[in-house]
Amino acid sequence: MEKVFVMDHPLIQHKLTLIRNKNTGSKEFREVVKEISMLMGYEVTRNLSLEEVEIETPVCKTKAKVLSGRKLGIIPILRAGLGMVDGMLNLIPAAKVGHVGLYRDPETLEPVEYYCKLPADVEERDLIVVDPMLATGGSANAAIQFIKDRGATSIKLMCLIAAPEGVKAVCEAHPDVEIYVAAIDERLNEHAYIIPGLGDAGDRLFGTK
């Protein structure tokens, strides 16, 4: 579990309570998910590489730091992951955005890819896969594997809420992937919903049932 990071910042925890509340409507839910994603993105990008450049302030020349090294990519898992993209882009507007779409086969219960569009230079980027909920880990594991199959070597997973079962599954399948979450909840119920969780993130983001 050394690659699992739980972000317990008070602002993140306060906003997490807002989206857990069943009385929070879709408009506020979307806005708060965006805010939490931006706050979490601040931590996920903490170890980005820097280099020194010379600039001129209104007063004098000086050396200052700018981002260097690999470019970033944000990969939402459709559809709920879309709710986390804008918050991340507020922080890193130059990041490229890819998309991975999955559905669960009703007979085999295995994730099936129906859409995958990634930046052309995916192997040269640090990728952040985003999905609000990490429940069984099936979708996250499949999405990460699809991205690896296309050449990616640097991947982080960022979720709002996780179940212990999902965290364990991703750690076992992809030990090279760091996991960032705002909370690890108690467990999954018999329908693979996270308890206490927040319900279906996609439905709450987009007002569907």
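This report walks through the overall build, the nonpolar cores and one buried loop residue of a predicted model.

## Overall build

Let's start with the big picture. The protein is built from 6 helices and 13 strands. Its C-alpha trace stretches over about 65 × 40 × 30 Å along the principal axes. The radius of gyration is 18 Å, and a compact globule of 209 residues would come out near 17 Å, so the two agree.

Contacts in this fold reach a long way along the chain: of those with a separation of 6 or more, 63% join residues 24 or more positions apart.

## Surface and charge

Of the 209 residues, 42% are buried. The accessible surface adds up to about 11,300 Å², and carbon and sulfur atoms hold 53% of that.

On the charge side, there are 25 positive and 30 negative charges. Their mean positions sit 4 Å apart.

## The largest nonpolar core

In soluble globular proteins, nonpolar side chains tend to end up buried together. Here, the largest nonpolar core contains 34 residues, and I19, I36, M40, M158 and L160 have the most contacts inside it. Quite a few elements chip in with at least two residues each: helix 1 (10–20), helix 2 (26–44), helix 3 (85–91) and helix 6 (201–206), plus strand 4 (71–78), strand 8 (125–130), strand 10 (154–162) and strand 11 (178–184). Helix 2 is the top contributor, giving 6 residues.

M40 is a handy place to look if you want to see how this core is put together. Setting aside residues up to four places away in sequence, M40 touches M7 and I12, then M158, C159 and L160, and also Y180, V181 and A182. Two of these partners, M158 and L160, are themselves among the residues with the most contacts inside the core.

## A second core

There is also another core, lying apart from the largest one, with 27 residues. Its members include A142, A143, I147 and V181. V181 is worth a click in the viewer, since M40 of the largest core touches V181 too.

## A buried residue in a loop

Now for V122, which belongs to the loop between strand 7 (111–117) and strand 8. Is V122 buried or exposed? With a relative accessible area of 3%, V122 falls under the 20% cut-off and therefore counts as buried.

Which residues does V122 contact, leaving aside neighbours within four places in sequence? They are L127, R150 and A152. S154 is 32 residues away from V122 along the chain, yet their C-alpha atoms are separated by 9.2 Å.

Conventions
Residues are numbered from 1 along each chain as its sequence is written. This is a predicted model: local features need pLDDT of at least 70, side-chain atom pairs count only at pLDDT 80 or more; totals for chains, interfaces and linings use all residues. Side-chain values use heavy atoms; hydrogens and water are left out. Helices (H or I, at least four residues) and strands (E, at least two) are DSSP runs, numbered from the N terminus. The radius of gyration is taken over C-alpha atoms; the globule rule is 2.2 Å times the number of residues to the power 0.38. Buried means under 20% relative accessible area, exposed over 50%, partly exposed in between (1.4 Å probe, protein chains only). Contact means heavy atoms within 4.5 Å. Accessible areas come from the Shrake-Rupley method with a 1.4 Å probe; for residues, only the protein chains shown count as cover. Lys and Arg count as positive and Asp and Glu as negative; His and the chain ends are not counted. The place of a charge is taken as NZ of Lys, CZ of Arg, CG of Asp or CD of Glu. A nonpolar core is a set of buried Ala, Val, Leu, Ile, Met, Phe, Trp, Tyr and Cys residues joined through side-chain atoms within 4.5 Å.
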